[in-house]
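Let's walk through this structure together, one piece at a time. Have the viewer ready and follow along.

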Amino acid sequence: MDSPSALDPPAEAAGPSAPLLVECVGLRKTFGGVVALNDADFNAIAGEVHALVGENGAGKSTLIKAIGGRIRPDAGTIRIKGQAQALGAPEDGHALGIRTVFQELTLLGGMTVAENLLIGREPRGRLGFIHRRRMGEEAEALLARMGIEHIDPLALVEETSLAERQIVEIVRAINNRPDILLLDEPTSSLVEREVNWLYGQIEELRKRDTCIIFTSHRWHEIRNVADRITVFRAGRHVGTFEDIDESEAITLMTGKRVSTLYPAVPPLPARDAALEAKGLRGGRLNGVDLTLHKGEILGVGGLAGHGHRELFFSLFGAERTSGGEILVGGKPVRLASPRQATRRGIDIALVPEDRKTEGLFLGMSIRNNMTLSVLGRISSAGVLNFGAERRVAEEMARRLGVRMQGLRHPVGSLSGGNQQKVLIGRWLLMEPRILLLYDITRGVDVATKHELYELVSRLAGQGHSILLYSSDAEELAHLPHRVLVMREGRIARELAGPDMTAESIVSAAVRDTAQS
Amino acid sequence: MPQPKRKAAWIRLVEQNAGLVLSAVLLVIAIVLYCAIYYAAQGRLPGGFELTTTVNNTMPLVFAGAAQAIVVITGGIDLSVGGVIDLTNALAALYLGDSPLSMVLCTIGVIAVGGACGLLNGLLVAYGRLQPILVTLATLAIFQGLAIRVLPAPGGSVPEAYTAILANFEAPYSLVFIVVLLVVWALVRRTSIGVGIYAIGNDDLAAKSSGVKNLRSRVTAYVLSGMLAAVAGLFLVANATSGDPTTGNGYTLRSIVAVVLGGISLFGGRGTPISAVIGAFVSTMIVNILFFAQIDPLYQSFFEGVFLVVAVLLTAIISRLMRRRAVA
Amino acid sequence: MTILEPSTNEPPPASAVRGARLGVTPDQRRILYAIVAAILLFFIGGLIRPGFSSPSGIAAVLTVACFVGLVAAGQTFVILIGGIDLSVPWTLNAGAILMMSTAANSDARMPFALLVTLGMGALVGLCNGVGIAVFGVPAVVMTLAMNGVLEGLTLGLSGGLTCSSCAAYAPPLLQAAAHGTILGIPAILYLWLGVILLASFILSFTTFGRGTYAIGNGARASYLAGVNVTRTTIILYVISGAFSALAGIMILGFGGQAALGLGDPYLFQSIAAAVIGGVYILGGRGHYVGTVAGSISLVALVSVLMAMNMPEYGRSITYGVIILVLLLAYGRETAER
């Protein structure tokens, strides 16, 4: 790892006046040789909202986990309320009034919302056994108290949406009346209205003198709620500020200046349809019509749960459709499996949302992960040609700038952004004509985001057709040629040219919902 | 925020306990079929005697199935159930005396041994962080070996009074023990450990982050499982009136069958041991049906195998249909 | 295109880094353990009873290990995709009985009988594979049920091994092949060597093997990557069924006659052999070479215990304890999730 270069940061915030609630000194944590926290310092006081920013792998999540007791640092001290603590398990944190909302949610899918909300503090009957009916009532009351009415406390968590789960997780943490609340990317699956709800809750907690520490990649959020902002880079504390603007923060986070995040949209050649959907139905899809042209970047936006995922998977043959047709290059095709979608002559590739369970094999090598889509090309009569395999993988890794120790290392050893590149590389090897990119920059650091944007733009310039879903409206406003906003399983709105702004995308999705 | 859309309570109850409901339906079908075939063969409906024999023959599997179910709910599998039954069966046959005191002490002792076997499994799985299927594969060999060491050949004897209590030939008194089992489980389910057993079956890491005592829950689940398997051994020895150190071997697989017929997901975190009790009865009913349908007993396993697959397929299809309806 | 400095790496699994440093991956190290264990056991056996580690003693152990190894070959394939084959015992038993009754003492009918028997094994595997991959029945349930189906069919059709053709012996040629030696080495070991080479080749050098590992590491991701998960799964179970039948044939040749319950010990032994050899029970990691070493260690262990005149119960207990000890030794690595 490089050492942070000399920079002139904006004026740092003055030392806190209130007593320190959380104080970390010289924290160090390595995972098998890779340094996640490198002599990191951090502090926070009661009644403040403290944002932690930095690239992926900068150590934010590791710091949160260390304070929450999920991992034990190798060296350094954590003082909570002035006392040095050895936090080795989440229970230790709970005992000190620390609660964490982790990025990877910790709800139990096969149990009810009520059981999840009240786990560890269930209402007991006279004999000390859990009173199940009262548990339901208490959960209902709790949700109502926090202004949540749409979640059924007796529903199983697995029956609820991702956003609802995130809310349940937050409600649970708050219900434990923590003195210190740690939120790791709490808004990643929330829509604006829910984000505003969360701000409200945070405001309440601040009034109660709770210390709230959160991480986020969304800058406007950070600006809106944070009292102080701490920037991390390469496992170190770079600085803590009361006010810092985005470009300065990015400079500190990356160590270099970013001129513009989004590349110019490449010119669109003649309008040849590459991929068309006509009246596509099935699952959540309720008659989708769209046309993706050759060399076009077509954005898809809208609220979660309105059928984007089903659309992408249907176009890739991974989801059954009940009606409508799909045309590739003007000819109708039947896609019953991803295998058929990736076939020569159709050449559709999908980079899915959840790269850890749907994309990559974390325990397998980078090379094997990459070449999985082109095994046919690097083998003859089913026998692999290792030389050819290494060559194509090496070339692709170089082309995408995958930062790694070597192709033989497991993909799990790479950072999130580099994992994403390996996954994209797998499909580029196949030389697809049509790329379906589903939220590829979610949870990816700014630097890699920028690289991915450049890549998408360049691919379109080379004639690939790209259908791009993103949960980030800002991204949709800048990257594609056109944007389709989905609602209730159909295309509700098409935006192009000057209408294509983050605000119009969000409002199209929200307003249309309100009308129904 | 959107308006609440709640399901009717009974629909939710059925949906969330689909396995239990399906196994109950399966049992009803099996009973009806059995009665029909019995009537065709004997010219009358089955009566008290048939009921008593069926209950007595099923009791070991009821407890073996429940033992298996608890471990399956934690996301594991217990291949050593048969070994624990072997061992406890052998111990009971050797040590049961005629006096009430001896019976009580021996029963407690045998159940304690079962608990100790479970404790060994639990400690290895929880603290050794080993795969349950492998740990219990190894301990199965150990328990089977110990059983043969205790009782090298079939033999020993069981006091008549003991048989009268656990496997009374007059009437299906044993059903009382099932009620006891259900009550005990309902209480366990309402403790932190009970919540923990389901929590770790759902997601180990998430359970830990929710403040669940993972290790303690897991170990307790295996201990409970061992104790239930020991009870199964006691019922087996009471029913057979003598001991056999290998008679439990078949119960490992049979207990898994009872769990599956009970509609409990082998992936853990869902279902209830009550379904395994029902599954055990379905399993016995299948044997009864085959008997009265005058199927060559040599083909028994064939039909059991076919029924198992059919039951699983039906469960899968029905729950898929239900889910589709729920989405629509 | 890179205009920014490298982003920091997330932590890789500790085991991977450590392995890379030593130049041996943890998977390879587990295979080494199993090989070392086998060698050690031969050494100990030699100390206990002279002749144990003589060439003929070793050959005897290897011959028995071969039977375990053949069954475990199929088991390894299905465990690699996170499956399991519990239908092994009665596939093997049915195979032995079918071979015996079809060949009916005659060398001339042997090729036909071989074809029928291996075909039966493959058919069993096909049913398993279709049930699991197409109908989504859990592997444990499907293969468990299939074991029952085969047990019932075998017992029923042979009338509990009382049928007229059940009185036959293994054809002389098969017996000769099972007992014969080539260049002083049991002929059966050449067959095993062939299987080892073939299985290793499939796993390491073919697209099919690559697909197998991919499925074991993530079935959903494999499907989305265009791997034919259904077909691969079915083929793997077919292979497993065929290997069980093959083992049945060889055991028949070795013993001369088939018996009921012949296959029972091979279920747990085949799983144990694979696991001792470092095949990860949840799939995705391991190699048949490890299973081979595992089979040999397992059989050598039992042989050493028998050489010590240990009674059956003692062998059973020791066997369980040793597996636990090995698991604890391996588990320390797999625990780093």
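Start with a pair of strands in chain A: strand 14 (residues 323-328) and strand 15 run antiparallel, and three bridges join them. To put your finger on one of these spots, find A:Leu327, whose bridge partner in strand 15 of chain A is A:Pro332. Keep in mind that this is a predicted model.

Now zoom out a little. Strands 14 and 15 belong to an open sheet of four strands in chain A, which pair antiparallel in the order 12-11-14-15. Strand 12 (285-293) and strand 15 (331-333) of chain A each have a single partner strand, so they stand at the edges with one side left without a neighbour in the sheet. Going from one strand to the next, the twist averages 25°.

What about chain A as a whole? The domain assignment splits chain A into domain 1 (20-97 + 178-254), domain 2 (260-347 + 432-516) and domain 3 (357-431). Taken over C-alpha atoms, the centres of domain 1 and domain 2 of chain A lie 34 Å apart.

Next, look at where chain A meets chain B. Chain A puts 37 residues into the contact and chain B puts in 30 residues. Together they bury about 2700 Å², with carbon and sulfur atoms giving 56% of that area. On the polar side, there are ten residue pairs in polar contact across the interface, and three salt bridges as well. One of the salt bridges links B:Arg189 with A:Glu115, with the closest N and O atoms 2.9 Å apart. On the side of chain A that touches chain B, the elements giving two or more residues are helix 2 (90-95), helix 4 (132-145) and helix 6 (192-207).

Technical notes. Residues are numbered from 1 along each chain as its sequence is written. Chains are lettered from A and ligands numbered from 1 in the order in which they are written. This is a predicted model: local features need pLDDT of at least 70, side-chain atom pairs count only at pLDDT 80 or more; totals for chains, interfaces and linings use all residues. Side-chain values use heavy atoms; hydrogens and water are left out. Domain bounds come from an automatic or database domain assignment. Two strands pair if DSSP finds at least two bridges between them. Axes are lines fitted to C-alpha atoms, for helices over the stretch in contact, and angles run from 0 to 180 degrees between N-to-C directions. Contact means heavy atoms within 4.5 Å. Buried area is the accessible area (1.4 Å probe) that two parts lose on being put together, summed over both. A salt bridge is a side-chain nitrogen of Lys or Arg within 4 Å of a carboxyl oxygen of Asp or Glu. A polar contact is a pair of N or O atoms within 3.5 Å; within protein, one must be able to donate a hydrogen and the other to accept it, and residues adjacent in sequence count only if both atoms are side-chain atoms.
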